[in-house]
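Q: Could you take me on a close look at one part of this structure, the helix called H3 and what surrounds it? I am in my first year, so please go slowly and link each step to the next.

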Amino acid sequence: MIPYGRQNIDQTDIDAVVSVLKSDFLTQGPAVPLFEATVKNLCQSEFALAMNSATSALHVACLALEVGAGDYVWTTPLTFVASSNCALYCGAQVDFVDVDEKTYNLCPQKLEEKLAQAQKENKLPKVVIPVHLSGLSCDMESIFKLSKKYGFKIIEDASHAIGGHYKNRPIGCCEFSDIAIFSFHPVKIITTAEGGMALTNSEVLAKKMELYRSHGITRDENLMESTSHGPWYYEQIELGYNYRMTELQAALGLNQLKRLSQFIDKRHELASRYHEKLADLPLKRPTFQSDDHYSALHLYIIRLELGQITKSHRQIFELLREKGIGVNLHYIPVYLQPYYKKLGFKVGHCPQAEQYYKEAISVPLYYDLNHQKQDTVIQALKELLT
Ligand SMILES: *Cc1c(COP(=O)(O)O)cnc(C)c1O
């Protein structure tokens, strides 16, 4: 099976992890801060906090922004469930803003309409979580302007997007957000097996996230309520978690980062090849590059023009799988999940997202996909769609 995504691990990655295993620190050593500093410099943000997953980083980001019971958090329905679960962990209520029909990202116009309505009902969101689907940035400048007008905070779920650019700056720079989150799950752009990172330009938010990441415990005397009892002393001043990244993961991440631009270049080369060779088929190809955007290309998502095809979406999907092509679908609109339906969400809530769900297929795209395998995918699509 040709998978839709896959990590690239080379001998230097293996050596980096093995050298940590032979060192003094398996956790809480030098690799994590070095990984953080490297990502922070690469992304031009002020602070970066590594965690054991992007899900943990999203949770901690919500806590730092004081999301709690009685608050509303909005996100896009076309995302992994973690983007909205993080608000539920904090006891907040979630709602979903429909997507733009061209980019499939959270639509700023629909956001504005929903904000105007929410203002009347006194139900404005505390936080909005735009997700850069497939690595293409949302229209952050518009969302940022709305955040000033309506007074909400922004967490960018940039899980797909490390290495991408928006308005000539790296995604993760937080120019138009309070916090940005990356994921290092193996299917994403670089991997630490499991892992994530939260970036911010706010020292206050960085300090809070640091506390929540590690049990709410501090060794900073300025934050303590009592004077120190001695060199062993620490205080727990918040209810935090153990969301720390290990040294093994950080060493792997650091080494993977050296190949980041190589990874992104290869993804663009393959995406351009799909773009050219799929041009005449009854499908919509994704946007991955424009004046303001340079996608990290986590995914290559096509949308079938079902009116021009005799087979159904599901048939094409299943036939591709039968041919050994590990296609996938990102994503089932989150509010259609049984857990969310029980919270009261109904079919029809976000019509664009639901239409997308009827047509979308993620085709294989990863660093080690060679032209021969890619041609197998292209040939299969040609056979099935014409
Ligand atoms: C992968 C992903 C996450 C969760 O990442 P983990 O590191 O697996 O916790 C969150 N949001 C989006 C959009 C993702 O794709």
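A: Here is a walk that begins at one helix, follows its neighbours, and then visits a few other places along the chain.

Please keep in mind that this is a predicted model. Helix H3 covers residues 54-64, and one of its partners is helix H7, residues 203-213. The axes of H3 and H7 are 9 Å apart, and the two helices pack at an angle of about 125 degrees. H3 and H7 are therefore oblique to each other. As for the sense of the crossing, H3 passes H7 in a right-handed way. On the H3 side, the contact is made by Val60, Ala61, Leu63 and Ala64, while H7 brings Leu205, Lys208, Met209, Tyr212 and Arg213. Sorted by class, this contact of H3 with H7 has seven nonpolar residues, two charged ones and no polar ones.

Now look at another partner of H3, helix H4. H3 and H4 pack with their axes 9 Å apart, at an angle of about 45 degrees. That angle makes H3 oblique to H4. The crossing of H3 past H4 is right-handed. Here Thr55, Leu58, His59 and Cys62 of H3 meet Ala82, Ser83, Cys86, Ala87 and Tyr89 of H4. The classes in the contact of H3 with H4 are six nonpolar, three polar and no charged residues.

Let us pause at one residue of that contact, Ser83. Ser83 is found in helix H4, which spans residues 82-89. Its relative accessibility is 1%, so Ser83 counts as buried, the cut-off being under 20%. Leaving out residues up to four places away in sequence, Ser83 touches Leu58, Thr75, Ile129, Val131 and Asp157. Leu58 is also one of the H3 residues that meet H4.

Asp157 leads us onward, as it is also among the residues touched by His132. His132 is found in the loop between strand E4 (127-129) and helix H6 (140-150). With 0% relative accessibility, His132 counts as buried. The side chain of His132 makes a polar contact with the side chain of Glu156, at 2.7 Å. Not counting residues up to four places away in sequence, His132 touches Asn105, Ser137, Cys138, Met140, Glu156, Asp157, Ala158, His160, Ala161 and Ile171.

For another pair of helices, turn to H2 and H8. The axes of helix H2 (residues 31-43) and helix H8 (residues 247-257) come within 8 Å and cross at roughly 35 degrees. H2 passes H8 in a left-handed crossing. In H2, the residues that meet H8 are Ala31, Val32, Leu34, Phe35, Thr38, Val39 and Leu42; in H8, they are Glu247, Ala250, Ala251, Gly253, Leu254 and Leu257. The residues of the contact of H2 with H8 divide into ten nonpolar, two polar and one charged.

H8 itself is mostly covered, with ten of its eleven residues buried. Among the buried residues of H8 are Glu247, Gln249, Asn255 and Gln256, along with Ala250, Leu252 and Leu254. The buried residues of H8 pack against helix H1 (11-21), H2 and helix H9 (260-277).

Next come some loops, starting with two that hold residues with positive phi. Cys174 lies in the loop between strand E7 (169-170) and strand E8 (179-183). Although Cys174 is not a glycine, its phi is positive, about 65 degrees. Cys174 is buried, with a relative accessible area of 4%. Leu297, in the loop between strand E13 (293-294) and E14, has a positive phi near 55 degrees, and Leu297 is not a glycine either. Leu297 is buried too, with a relative accessible area of 1%.

On the other side of E14 (300-304), the loop that runs to helix H10 (313-322) holds Ile309. Ile309 is buried, its relative accessible area being 8%. Apart from neighbours within four places in sequence, Ile309 is in contact with Pro282, Leu304, Ile316 and Leu385. The C-alpha atoms of Ile309 and Leu283 are separated by 9.4 Å, and these residues are 26 residues apart along the chain.

Our last stop is the loop between H10 and helix H11 (338-341), where Tyr331 is found. A cis peptide bond joins His330 and Tyr331, with omega at about 10 degrees.

How values were computed:
Residues numbered from 1 in each chain as written. Predicted model: local features only at pLDDT ≥ 70, side-chain atom pairs only at ≥ 80, totals over all residues. Heavy atoms only, no water. Helix = DSSP H or I, 4+ residues; strand = E, 2+ residues; numbered from the N terminus. Buried < 20%, exposed > 50% of the residue type's maximum accessible area, 1.4 Å probe, protein only. Polar contact = N/O pair within 3.5 Å; in protein donor to acceptor, adjacent residues only side chain to side chain. Contact = heavy atoms within 4.5 Å. Axes fitted to C-alpha atoms, helices over the stretch in contact; angles between N-to-C directions. Left-handed = near helix turned anticlockwise from the far one by under 90°. Nonpolar A, V, L, I, M, F, W, Y, C, P; charged D, E, K, R; others polar. Parallel < 35°, antiparallel > 145°, perpendicular 65-115°, else oblique.
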